[in-house]
Amino acid sequence: MFLQVVDLVKDFGGVVANNHISFDIDQGEIIGLIGPNGAGKTTLFNCIVGYHKPDSGKVIFKGKEITGFKPFMTNREGIGRTFQITKVTAGMTVLENVMVGAFCRTDQRPIAKKEALEVLGFLRLENVKDYHLNELPIASQKKVGLARALATKPELLMLDEVASGLNPKETEEMVDVLKRIHQEKKITLFLIEHVMEVVMPISQRVIVLDSGEKIAAGLPEEIVKNERVIKAYLGEKYAKGFRD
Amino acid sequence: METLRDAFDFSDFSKAERIGLGLFTIFLLVFPWLGAGSFVKAVMIQFLLFSLFGMGWNTIGGYGGQVELGKAQYVGIGAYTVALMMVWWKIPFWVSMPVGVLIAIGYSFMIGYPLFRLKGHYFAIATICTSLVLQDIFINWKLVGAAKGIELPIHDHPDFLFMQFKSDVYYFYFIMALFYAGLFYMNWFRKSKLGYQLRMIKEDEDAAESLGIDARWCKIKAYSIASAFVAVGGGFMAVYNLYIDPYSVMDLDLSIKIALMAMLGGAGSMWGPIIGAAFLIPLDRFLGSWLGGQKGLIGVDFMIYAAMIMVVSAYQPRGIWGIIEQFRRKGA
Amino acid sequence: MIILDAIIQGILMGLLFALVALGLTIIFGVMDIVNFAHGEFLMIGMFTAYWTSLLLHVDPLIALPTSAIVGTLLGVASYYWLVKYLLRGPMIAQLFGTFGLMLFLRYLAQFLFGTDYRIVQKGLLVGKSLSLGPFILDWTKLSAAILSLFAFTLVYYLLHRTKLGRALRATALNKEAASYMGIKTDRMNALAWAIGGGTVGIAGGLLVNFWYVYPTVGLLFVMIAFASVALGGFGSIKGAFFAGVIIGMIEMLFPVLGHLIGSDFLGPHFKFTLVYFAYFIIVVLRPQGLFGWKH
């Protein structure tokens, strides 16, 4: 077992964001985590990676319990993550950003630089390496977030809405990049996607959250037919129509 | 080896910057022979001293982005260690100064550990508080001279061991040496792992943590580096002024001045603290001697000073160097 | 008995501390800015009452409205001329900005009035005291405490019962949501500074009855106010009240305790050190304060 989440509970002062969630991920898989807004997807990520401390339950990574580890500790164990929103800042160049990631595994600047350039090359970002984040389009910002995490050489990469805000062409490109990360770098992927259409083609398995509960898990083609899943999504769409 | 090369390697700066640094160095080397008066020499020494303070603050405050307003307590620790060891045990400066630095580092870890649980305003005010507590203790502590402070014994003959000289020139060259040691250290620091990590923490602390950076530990390390820098300066202040008291070496105004200068010049950049000090120290001194001395104008120098702080904070928080960088990027 | 006396004195002083902390906490609550110049607002309130009473030959208590007005104007002017611009910048610039204001007001006062320590010599209440059994209470302190309590209650009522107050609190809770509701945040910010300046102006007018006024008097009080606000929770009005009173008691009680056990480290010289130290301990152990809701 690669990543194991056992009976995880997170309660924000009465609002249960994650209610007894359990699931496993095997090495080499691509797992999608989907669900409507406010389903508790990001909270689950934060509990695994260590931004939140779960109220109960366990997180086990490569046979080692990492429940309650700080984010930097889970990273050192081999879990990388990206954020839904990459903070757009003007203080560091793209190359420097990725070098920080590479410094995670080395103390030598030349080595960090070499590795960062490698990752940038892999993601085809070499031509923007001297720009600052605020000078880049959103698709490139997202890729920098990805590059940073990749530079820490994770074994498991957790991606939070890596395709949100992208147009169809950019989304396609991103999906392609993810596939390459999976195949060439042999990294297990665990991704949150709000839009089903993005996650279905690449995920081998999908986990569905709704209102803090795990309501379904299985192959993508099973999930799209699942009654509860359809209801959760339709319900949200209906509510949206009502608000507008 | 790598480390040494990084410290002396300025090749990633622009040509203009390197030429500027070269000319500045030549100017400093010949300055004592330019026939400046003792007042101007004193201002120059102050400028180099505060550049050193500012460079230290720049590690945690500039690169790390932490609003640290309690550096005066470490100036005090450095100054008092040198002064007390000299008065009590006649221990030379070259021993007492490193001891002061070590005490400052130890103390900074002690204070830094709880301090860096805090963020934002809480942190900023807490740094002020720690400094005020230490100042209060020294004001009331009879053993260390309390509010009256300590006078260092003046030797009859110039004494290198105790850093006592008749002429300001020696002090000038000594602080200049310290200044360059600081400069080379900073040149290494900004390229070091810690430097990169601190900048990431300043940009986005959550993202930094996700990249395997122990943000709190990094901040504590940078804080103690900054403390060591100002403790060196504090030791120099003791032998240069030959008199210290809690008001001159531990005051809140001193803490603020250190941080302000770095910010005015441009926090988080190599030249920022130096530019800030080059700007504020002469202004401060000349305004002080020009206006402060005139009857009925007491405080006007500080009002001008304060007005400038407000204007800079409101219109150009990135400082002088920030403006230059902005123009350069636009031009490029 | 001496302890009970210290507690009563502490509560009287604490009510005034609470009034000083009130403005600081409102400004912080509404716009996340720490006003370093708050102590200087207090000092200006003190000087206003001092000069009004001296030049017009009236009791300092009657000069109180002028202190309130000057404080309010100072708050509003600070907001529109300085703080509004600071809001665009990073936090460090905001801190330095209000710090600059603090220095400016301090040295303006020094320029205008010199560095002398001044105190109100004549007044209805000055020098008179009330004996309650074994306790002797100065009328100046007692009236200051009562009027502080009154002012505090008034502001509390304003914030909780009036439409304007609700709008202000809505802004503090969520700026964006408030602006969607049609609340002009700019005006609300200015209002926060007006209330902040006004209340601390009143506090200054009350304080001058029994405390020396000099240009640097503010630092001490602003640090006490920081400690109170931290203890109560940044942005909490209720918290500022109780924390002010608690800090007042600590400040009076510890020297007495120190005297009783014969320790110099609790002596009167260190009573403010204790306040700073208390702040440090409070924020490290319980950063949200007693009644905190922000951060």
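Let me begin with the side chain of A:Gln141, one of whose polar atoms lies 3.1 Å from the backbone oxygen of A:Leu136. I should say at once that this is a predicted model, and the distance is computed from its atoms. The glutamine belongs to helix 5 of chain A, which covers residues 138–151. Is A:Gln141 buried or exposed? Its relative accessible area is 11%, and because the threshold for burial is under 20%, A:Gln141 counts as buried. Setting aside neighbours within four places in sequence, the residues in contact with A:Gln141 are A:Thr86, A:Val88, A:Leu133 and A:Leu136. A:Leu136 thus appears twice in this description: its backbone oxygen lies 3.1 Å from the polar side-chain atom, and the residue is also listed among the contacts of A:Gln141.

I turn now from this residue to the arrangement of the chains. Two pairs of chains are in contact, and of these, chains B and C share the most contacts. Chain A and chain C, by contrast, are joined by no contact; their closest C-alpha atoms are 12 Å apart.

Before the interface itself, let me describe the two partners, beginning with chain B. Its secondary structure consists of 15 helices and two strands. The radius of gyration is 20 Å, close to the 20 Å expected from the globule rule for 332 residues, so chain B is as compact as a globular protein of that length. Along the principal axes, the C-alpha atoms of chain B occupy a box of roughly 55 × 50 × 45 Å. Of the 332 residues in chain B, 61% are buried. If we take the contacts in chain B with a separation of 6 or more, 77% of them involve residues 24 or more positions apart.

Chain C has 11 helices and two strands. Where do the strands fall in the order of elements? Reading from the N terminus, the order is α-α-α-α-β-β-α-α-α-α-α-α-α, so to speak a strand pair set between helices. For chain C the radius of gyration is 19 Å, close to the 19 Å that the globule rule gives for 295 residues, so this chain too is as compact as a globular protein of its length. The C-alpha trace of chain C spans about 60 × 50 × 35 Å along its principal axes. Buried residues account for 59% of the 295 residues of chain C. Among contacts in chain C with a separation of 6 or more, 78% link residues 24 or more positions apart.

Let us now consider how chains B and C meet. The size of an interface is often expressed as the accessible area lost when the parts come together. Here, the area buried between chain B and chain C is about 4000 Å², and carbon and sulfur atoms give 81% of that area. Which helices of chain B each supply at least two residues to the side that touches chain C? They are helix 5 (93–115), helix 6 (120–140), helix 12 (252–265) and helix 14 (300–315). Helix 6 of chain B gives the most, with 14 residues. By class, this side of chain B has 33 nonpolar, seven polar and three charged residues.

In terms of residues, 43 from chain B are in contact with 44 from chain C. How many salt bridges does the rule find across this interface? It finds zero. Polar contacts, on the other hand, are found for two residue pairs, both at pLDDT 80 or more.

Note on methods: Residues are numbered from 1 along each chain as its sequence is written. Chains are lettered from A and ligands numbered from 1 in the order in which they are written. This is a predicted model: local features need pLDDT of at least 70, side-chain atom pairs count only at pLDDT 80 or more; totals for chains, interfaces and linings use all residues. Side-chain values use heavy atoms; hydrogens and water are left out. Contact means heavy atoms within 4.5 Å. Buried area is the accessible area (1.4 Å probe) that two parts lose on being put together, summed over both. A salt bridge is a side-chain nitrogen of Lys or Arg within 4 Å of a carboxyl oxygen of Asp or Glu. A polar contact is a pair of N or O atoms within 3.5 Å; within protein, one must be able to donate a hydrogen and the other to accept it, and residues adjacent in sequence count only if both atoms are side-chain atoms. Helices (H or I, at least four residues) and strands (E, at least two) are DSSP runs, numbered from the N terminus. Ala, Val, Leu, Ile, Met, Phe, Trp, Tyr, Cys and Pro count as nonpolar, Asp, Glu, Lys and Arg as charged, and the others, Gly among them, as polar. Buried means under 20% relative accessible area, exposed over 50%, partly exposed in between (1.4 Å probe, protein chains only). The radius of gyration is taken over C-alpha atoms; the globule rule is 2.2 Å times the number of residues to the power 0.38.
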